[in-house]
Amino acid sequence: MARNIKITAVPQHVKNKYEKLIDLAVAETYKSLVQKSPVDTGRFKASWAVGQNDLSFPGEPAGKDSYPEPNAEQPRKIGYQKERMGNVYNVYNNLPYAEKLETASIGEGGSVQTSGPGWVRATAKRVQSMIPTLAARVEAES
């Protein structure tokens with residue numbers, strides 16, 4: 001069913017839809033990276049975060065035997081609650097060995113759980129290709 005929107009309300013309507021799309025893309029990226037993360041103690045998997053113009057979360061502290069399982073459906077947002085237009089959002093992991101898990105071959109610091117090097121970039125590419133589908137979902141929800 002079509003909605004009638006006053007012409008003066010169009011900018012806010014579009015902004016709301018755009019922000020919902022950002023929210024879905026961030027959530028899908030976070031979920032995918034958490035689910036694909038290799039697990040030994042769980043520190044790496046538990047150290048994913050989403051920053052709004054910020055990459056300051058250092059990750060979970062070392063020294064525990066195990067770490068709580070993150071909720072892949074609920075991104076750990078650092079310093080903000082809701083995605084807003086005009087900001088930059090990064091899903092990141094600042095642990096010292098994070099880059100090696102992304103770039104190293106299996107047996108040289110990489111992990112078989114990630115299917116080898118490039119898994120973070122592959123996730124980013126996959127989520128980018130999902131944007132039209134996510135946009136259609138936002139449109140269908142209104």
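Modeller: Before we start, a word on names: helices (H or I, at least four residues) and strands (E, at least two) are DSSP runs, numbered from the N terminus. And keep in mind that this is a predicted model.

Colleague: Fine. Where does Ser47 lie, then?

Modeller: Ser47 is in the loop between helix H2 (43-46) and E1.

Colleague: Is Ser47 buried or exposed?

Modeller: The cut-off for buried is under 20% relative accessible area. Ser47 has a relative accessibility of 1%, so it counts as buried.

Colleague: Which residues does Ser47 touch, not counting those up to four places away in sequence?

Modeller: Phe57, Gly59, Glu60, Arg76, Tyr92, Asn93 and Leu95. Two polar pairings involve the Ser47 side chain. One of its polar atoms lies 2.7 Å from the backbone oxygen of Arg43, and the side chain also reaches the backbone nitrogen of Glu60 at 2.8 Å. For a sense of distance, the C-alpha atoms of Ser47 and Lys100 are 15 Å apart, with the two positions 53 residues apart along the chain.

Colleague: On to charges. How many salt bridges does a search of the whole structure find?

Modeller: The general idea is that side chains of opposite charge can pair when their charged atoms come close. Here the search finds twelve salt bridges. One of them joins Lys82 and Glu19, with the closest N and O atoms 3.7 Å apart. That pair links distant parts of the chain: Lys82 sits in the loop between strand E2 (77-78) and strand E3 (89-92), Glu19 in helix H1 (residues 10-36), and they are 63 residues apart.

Colleague: Which of the two is buried? I'd like to hear about Glu19.

Modeller: Glu19 is buried, at 3% relative accessibility, whereas Lys82 is partly exposed, with a relative accessible area of 43%.

Colleague: With which other side chain does Glu19 meet in a salt bridge?

Modeller: Arg84, at 3.9 Å from N to O. Arg84 lies in the loop between E2 and E3 and Glu19 in helix H1, so this pair ties together parts 65 residues apart in sequence. Arg84 counts as partly exposed, at 40% relative accessibility.

Colleague: And Lys31, with which residue does it form a salt bridge?

Modeller: With Glu73, the closest N and O atoms being 3.3 Å apart. Lys31 is in helix H1 and Glu73 in the loop between strand E1 (49-52) and E2, so parts 42 residues apart in sequence are tied together. Lys31 is partly exposed at 24% relative accessibility, while Glu73, at 55%, counts as exposed.

Colleague: Which residues are joined into one network by salt bridges that share partners?

Modeller: Lys15, Glu19, Lys82 and Arg84.

Colleague: What about Glu28 in helix H1: which residues is it in contact with, leaving aside neighbours within four places in sequence?

Modeller: Arg126, Val127 and Met130. With Arg126 there is a polar contact, side chain to side chain, at 3.1 Å. Glu28 has a relative accessible area of 17%, so it is buried.

Colleague: Last one, about the surface. Which residues form a nonpolar patch there?

Modeller: Ile7, Val10 and Val14, with about 280 Å² of accessible area together. Of these, Val10 is found in helix H1. Patch residues need over 30% relative accessible area, and Val10 has 33%, which makes it partly exposed.

Technical notes: Residues are numbered from 1 along each chain as its sequence is written. This is a predicted model: local features need pLDDT of at least 70, side-chain atom pairs count only at pLDDT 80 or more; totals for chains, interfaces and linings use all residues. Side-chain values use heavy atoms; hydrogens and water are left out. A salt bridge is a side-chain nitrogen of Lys or Arg within 4 Å of a carboxyl oxygen of Asp or Glu. Buried means under 20% relative accessible area, exposed over 50%, partly exposed in between (1.4 Å probe, protein chains only). Patches are made of residues with over 30% relative accessible area and no salt bridge: like charges are joined within 9 Å, nonpolar side chains (Val, Leu, Ile, Met, Phe, Trp, Tyr) within 5 Å. Accessible areas come from the Shrake-Rupley method with a 1.4 Å probe; for residues, only the protein chains shown count as cover. Contact means heavy atoms within 4.5 Å. A polar contact is a pair of N or O atoms within 3.5 Å; within protein, one must be able to donate a hydrogen and the other to accept it, and residues adjacent in sequence count only if both atoms are side-chain atoms.
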